[in-house]
Amino acid sequence: MRRLAILLAGAALLAGCAAPAVPEAASAVQAVSSEAGTGHTGSRTEQLAVLDGLVDFGADTAGGSLKTARAAAVLVEYLSASDFEDGTADAWRAGLSGDAQERLALNWPGILAEAQAICADPAARADELASAGVETDFPGMELGGVPDKLAALDAVLGAQEQPVKG
């Protein structure tokens, strides 16, 4: 899970170029590195770190496709080993600022599509993920349950017609 921590740290660094970093990101990266990968419901801190990575950049900015691939990889790796607690994604989304809501609406469709593609054929995504700095061995991981988890997350995060005000 060291890779997950590195990916989150890299995403946070790259996000600093396009959008303000989330203050909890640094401590959340440490929590993810020590707790993820144990087949459990992740701690709230690590769940929020993964979710924050979805809005740390704008998909329409320079390097957006690589940042999208990296965010999708972090999400898939997290969901392969852990679950989100009920209501965590709802509460997170409700607490987003207006700008972050807009970034979520812009970023989520691409992140979801990339995450689904990783699950469907991880070997085919290897070159793109390597270009994005992702070193996770997705072909060697058990990803069978991830598509259902992505669908559940999409039910919350994909509902962009009526933004939730926090």
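1. In this predicted model, the aromatic rings give a count of one pair when ring centres within 6.5 Å are taken as the criterion. The partners are Y78 and F84, whose ring centres lie 5.2 Å apart and whose planes stand at 45°, so that the pair is classed as tilted. The term follows from the angle, because planes under 30 degrees apart would count as stacked and those over 60 as edge-to-face. Y78 is buried, having a relative accessible area of 1%, and F84 also counts as buried, at 16% relative accessibility.

2. For the overall layout, the protein chain contains eight helices and two strands, and when it is read along the sequence these elements follow the pattern α-α-β-α-α-β-α-α-α-α. Of the 166 residues in the protein chain, 45% count as buried. Among the contacts in the protein chain with a separation of 6 or more, 81% are made by residues 24 or more positions apart.

3. Y78 also takes part in a helix contact, since E46, Q47 and V50 of α3 meet V74, L75 and Y78 of α4. By class, the residues of this contact of α3 with α4 comprise four nonpolar, one polar and one charged. Helix α3 covers residues 44–52 and helix α4 covers residues 64–81, and the two pack at an angle of about 150° with their axes 9 Å apart. Angles over 145 degrees count as roughly antiparallel, and α3 and α4 are therefore described as roughly antiparallel to each other. The crossing of these two helices, α3 and α4, is left-handed.

4. How many of the nine residues of α3 are buried? The number is seven, and α3 is accordingly described as mostly covered. The buried residues in α3 are E46, Q47, L48, A49, V50, L51 and D52, and E46, Q47 and V50 are the α3 residues that meet α4.

5. Helix α4 has a further partner in α6, and the axes of α4 and α6 come within 8 Å and cross at roughly 60°. That angle makes α4 oblique to α6, and α4 passes α6 in a right-handed crossing. On the α4 side the contact involves T68, A69, A71, A72, A73, L75 and V76, and on the α6 side W108, G110, I111, E114, A115, I118 and C119. By class, this contact of α4 with α6 has eleven nonpolar, two polar and one charged residues. L75 is named here as meeting α6, and L75 is also among the α4 residues that meet α3.

6. Helix α6, residues 98–120, also packs with helix α8, residues 146–157, at an angle of about 170° and with the axes 10 Å apart. That makes α6 roughly antiparallel to α8. The residues L104, W108, L112, A115, Q116 and C119 of α6 meet V146, P147, L150, L153, D154 and L157 of α8, and the residues of this contact divide into ten nonpolar, one polar and one charged. W108, A115 and C119 are among the α6 residues that meet α8, and these three residues, W108, A115 and C119, are also among those that meet α4.

7. Within the α6 and α8 contact, P147 deserves a separate remark. P147 is found in helix α8 and counts as partly exposed, at 38% relative accessibility. P147 and Q116 are 31 residues apart in sequence, while their C-alpha atoms are 6.5 Å apart in space; both P147 and Q116 are listed among the residues through which α6 and α8 meet.

8. Is S65, placed in helix α4, buried or exposed? S65 is exposed, with a relative accessible area of 53%, a value to be read against the cut-off of over 50% for exposed residues. S65 and E128 are 63 residues apart in sequence and 9.3 Å apart in space, C-alpha to C-alpha.

9. A last point concerns R125, which at 24% relative accessibility counts as partly exposed. When residues up to four places away in sequence are not counted, R125 touches E114, A117 and I118. E114 and I118 are also among the α6 residues that meet α4. R125 and P139 are 14 residues apart in sequence, and the distance between them is 9.7 Å, C-alpha to C-alpha.

Terms used
Residues are numbered from 1 along each chain as its sequence is written. This is a predicted model: local features need pLDDT of at least 70, side-chain atom pairs count only at pLDDT 80 or more; totals for chains, interfaces and linings use all residues. Side-chain values use heavy atoms; hydrogens and water are left out. Axes are lines fitted to C-alpha atoms, for helices over the stretch in contact, and angles run from 0 to 180 degrees between N-to-C directions. Helices (H or I, at least four residues) and strands (E, at least two) are DSSP runs, numbered from the N terminus. Angles under 35 degrees count as roughly parallel, over 145 as roughly antiparallel, 65 to 115 as roughly perpendicular and the rest as oblique. A crossing is left-handed if the near helix is turned anticlockwise from the far one by less than a right angle, and right-handed if clockwise. Contact means heavy atoms within 4.5 Å. Ala, Val, Leu, Ile, Met, Phe, Trp, Tyr, Cys and Pro count as nonpolar, Asp, Glu, Lys and Arg as charged, and the others, Gly among them, as polar. Buried means under 20% relative accessible area, exposed over 50%, partly exposed in between (1.4 Å probe, protein chains only). Rings of Phe, Tyr and Trp (its six-membered ring) pair if their centres lie within 6.5 Å; planes under 30 degrees apart count as stacked, over 60 as edge-to-face and the rest as tilted.
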